Protein chains: 2
Amino acid sequence: MKNNKLLIVGTMAFDDIITPTQISGKILGGAGTYIGLAASYHPADIGIVSVIGDDFTSKYTSLLSDRGLDLSGVTKVKGQNSFYWKGKYHDNMNKRDTLDTQLNVLANFEPVVPAHYKDASVVMLGNLAPSVQQSALSQLKHNPNRVVLLDTMNYWMAAALDELLVAIKQVDVITINDEEAMQLSGETNIVLAAKAIHKLGPSHVIIKKGEHGAMLFYKDQSFYAPALPLQEVIDPTGAGDSFAGGLSGYLAAQDKLTTVTIKQGILNGTAAASICVGAMGTEGLISSAKEEFLAQLQELERLRTV
Amino acid sequence: MKNNKLLIVGTMAFDDIITPTQISGKILGGAGTYIGLAASYHPADIGIVSVIGDDFTSKYTSLLSDRGLDLSGVTKVKGQNSFYWKGKYHDNMNKRDTLDTQLNVLANFEPVVPAHYKDASVVMLGNLAPSVQQSALSQLKHNPNRVVLLDTMNYWMAAALDELLVAIKQVDVITINDEEAMQLSGETNIVLAAKAIHKLGPSHVIIKKGEHGAMLFYKDQSFYAPALPLQEVIDPTGAGDSFAGGLSGYLAAQDKLTTVTIKQGILNGTAAASICVGAMGTEGLISSAKEEFLAQLQELERLRTV
């Protein structure tokens, strides 16, 4: 994508995750973190815009900058802690309950896009308050070849629907899970939901179906990417963000954007999500080298090939 | 498959189906019927072994023989009615309640395989009492190149598990839905369930996931076939049987069996299931010509292609 710059807007945070078999304690998390780590498998110039607190020490920032992520757009607020989320998964891990949410530095987050990333060819707006997504978009320089992607969740449909609709109107690609697509569209069928969301703005609607893969809807066509079948899911946290990261990172590394590029991007997103759920929190993405990522992609090709 | 003969063992029956929007009244149904109709899209020599009653008049048998299905293995019992099932689907159509089951002629069904089909290269055992599936198998002549497929459901796992396990031990390919695969294996993960079922006998385990497609597990490999996204499902009845029919009909029409053939068969099964659920009962399969079946297959290729 021309300048190969990927701008990520998303939280850098801490999670406390309880799965049926493990308790994580306070560990590295946040949509921006997962997106950045997953995107870093691709040769792109990747910058994150986020906000962190005192507890997000150099131990964590080095981890990200060592992966080539540019953190010049990350504001550190002294005297406060980073965003914190604690959740517990049900036995089948398809559902989870939020046990605690502490906004901390996120409460007054005003994103500042560094000059270097204002002309980014690819912009990935991670799950965040739509007003923050919107604020980041408003700081960008014109780039006719830009692709803007947005991820969101049910919380914002209830808490800030009007602002969410304004943000969605400006994006090319939306990634959203199946239940949320139904909620946003008011439809009970995935095809009709995608059509309705298409009318809200995005030319490409990507519906994430968890273990059942992901579907792309564009014009009257569709594309299906299966998820890799796993013997064990350790922790589903961040799977959607990793998907968004693998997808947007891939797009940023390409010369031009076509429907084929987006489909390939979805497969790359799927491979990143697969690495993510194989370990607690960001552990899988952190410990897996590019070779392991490519192995997942190959596995996915085998799964799709007759 | 050498002689291109497909032997189907399955019910020919009547259903009474209540969906959220339609009430069918007493209409043509039965696993054998769906399997036969779906298989008939392929150039194979297809015979059905089943049992029917007085109510299964020539109006219905002609419908099937007009599609080239050989009904010489269908026994007509005078003075009794055919097997009858009445069910009602829940609003999302993923669940249904059985309102009435009348075994009628099925109560004393002893399958008789016609001499012509005793050397069939492909045998499709539709969802039936395992003892009936077993009895049909015991009548076959030796054919070293034969492929035996078996479909079953949760009912038999509760009512006749020991007999079911004996039948499963003799088959090459089992088609089973995801929940039933968990029930049969005692596993809660689809990959582990497939591995456990593999150990029961079948070299190829096909797990049907409804709107989420179907997966093949063989050795340590897997293949994923998505389902066609539909704006509207009219009636899910017979989708799994149509899948089995599209698959086994395709296999019977091939010169030899390979893993690639089975994967292609799964795509053919998916296309048939898609036609099935687009109308009430067997209506879709009856009214759709081969061109429409091929169109579904093409659509499926587009859905899978980057």
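Here are some exercises with worked solutions on a predicted model with chains A and B.

## Exercise 1: The nine-stranded sheet

Work out which strands of the nine-stranded open sheet in chain B stand at the edges.

**Solution.**
Step 1. Begin with the strand order, which is E5-E4-E1-E8-E9-E10-E11-E12-E13 in chain B. The pairing in this open sheet is mixed.

Step 2. Look for strands that have a single partner. These are E5 (70-76) and E13 (221-225) of chain B, so each has one side left without a neighbour in the sheet.

Step 3. Add the twist: on average, neighbouring strands of this sheet are turned by 15° against each other, direction ignored.

Step 4. Now zoom in on one pair. Strands E8 (residues 122-125) and E9 (residues 147-151) of chain B run in the parallel sense and share four bridges. Within that pair, B:Met124 has B:Leu149 of E9(B) as its bridge partner.

A reminder that helps here: strands of a sheet pair through backbone hydrogen bonds, in a parallel or an antiparallel way.

## Exercise 2: The four-stranded sheet

Describe the open sheet of four strands in chain B, from its order down to a single pair of residues.

**Solution.**
Step 1. The order is E3-E2-E6-E7 (chain B), again with mixed pairing.

Step 2. At the edges are E3 (23-29) and E7 (96-102) of chain B, each of which pairs on one side only.

Step 3. From one strand to the next, the twist averages 20°.

Step 4. Strand E2 (residues 13-18) and strand E6 (residues 84-89) of chain B are joined in the parallel sense by five bridges. Opposite B:Asp16 you will find B:Lys86 in E6(B).

## Exercise 3: A helix between a sheet and another helix

Find what helix H6 (residues 178-185) of chain B lies across, and say how H6(B) packs with H7(B).

**Solution.**
Step 1. H6(B) lies across strands E10 (173-177) and E11 (204-208) of chain B, and runs at about 110° to E10(B).

Step 2. Turn to the helix partner. H6(B) and helix H7 (residues 190-199) of chain B have axes 9 Å apart and pack at an angle of about 60°. This angle makes H6(B) oblique to H7(B), and their crossing is left-handed.

Step 3. Name the residues that meet. H6(B) brings B:Asp178, B:Ala181, B:Met182, B:Leu184 and B:Ser185, while H7(B) brings B:Ile190, B:Ala193, B:Ala194, B:Ala196 and B:Ile197.

Step 4. Sort them by class: the contact has eight nonpolar residues, one polar and one charged.

## Exercise 4: Two helix crossings

Compare the crossing of H8(B) with H9(B) and that of H9(A) with H11(A).

**Solution.**
Step 1. Recall that two packed helices are described by the angle between their axes and the distance between the axes.

Step 2. The axes of helix H8 (residues 239-253) and helix H9 (residues 259-277) of chain B cross at roughly 140° and come within 7 Å. The two helices are therefore oblique to each other, and H8(B) passes H9(B) in a right-handed crossing.

Step 3. Among the residues that meet are B:Phe243, B:Gly245 and B:Gly246 in H8(B), and B:Gly265, B:Gly269 and B:Ala273 in H9(B). By class, this contact has twelve nonpolar, nine polar and no charged residues.

Step 4. In chain A, the axes of H9 (residues 259-277) and H11 (residues 290-304) come within 9 Å and cross at roughly 115°. The crossing of H9(A) and H11(A) is right-handed.

Step 5. This contact includes A:Leu267 and A:Ile275 of H9(A) as well as A:Phe293 and A:Leu300 of H11(A). Its classes are seven nonpolar, four polar and one charged.

## Exercise 5: How the two chains are related

Determine which kind of axis relates chain A to chain B, and what builds their contact.

**Solution.**
Step 1. Chain A is laid on chain B by a turn of 180° and a shift of 0.0 Å along the axis, with an RMSD of 0.0 Å. That is the relation of a two-fold axis.

Step 2. The C-alpha of A:His212 is the one in chain A nearest the axis, at 3.0 Å from it.

Step 3. The same surface serves both copies, as 100% of the contact residues of chain A recur in chain B.

Step 4. Each side is now easy to describe: 23 residues come from chain A and 23 residues from chain B. On the side of chain A, helix H7 (190-199), strand E13 (221-225), H9 and H11 each give two or more residues. E13(A) gives the most, with four residues.

Step 5. By class, the side of chain A that touches chain B has twelve nonpolar, six polar and five charged residues.

Definitions and conventions. Residues numbered from 1 in each chain as written. Chains lettered and ligands numbered in written order. Predicted model: local features only at pLDDT ≥ 70, side-chain atom pairs only at ≥ 80, totals over all residues. Pairing = 2+ DSSP bridges. Axes fitted to C-alpha atoms, helices over the stretch in contact; angles between N-to-C directions. Contact = placed C-beta atoms within 7 Å. Left-handed = near helix turned anticlockwise from the far one by under 90°. Nonpolar A, V, L, I, M, F, W, Y, C, P; charged D, E, K, R; others polar. Parallel < 35°, antiparallel > 145°, perpendicular 65-115°, else oblique. Least-squares fit on C-alpha atoms with pLDDT ≥ 70 in both.
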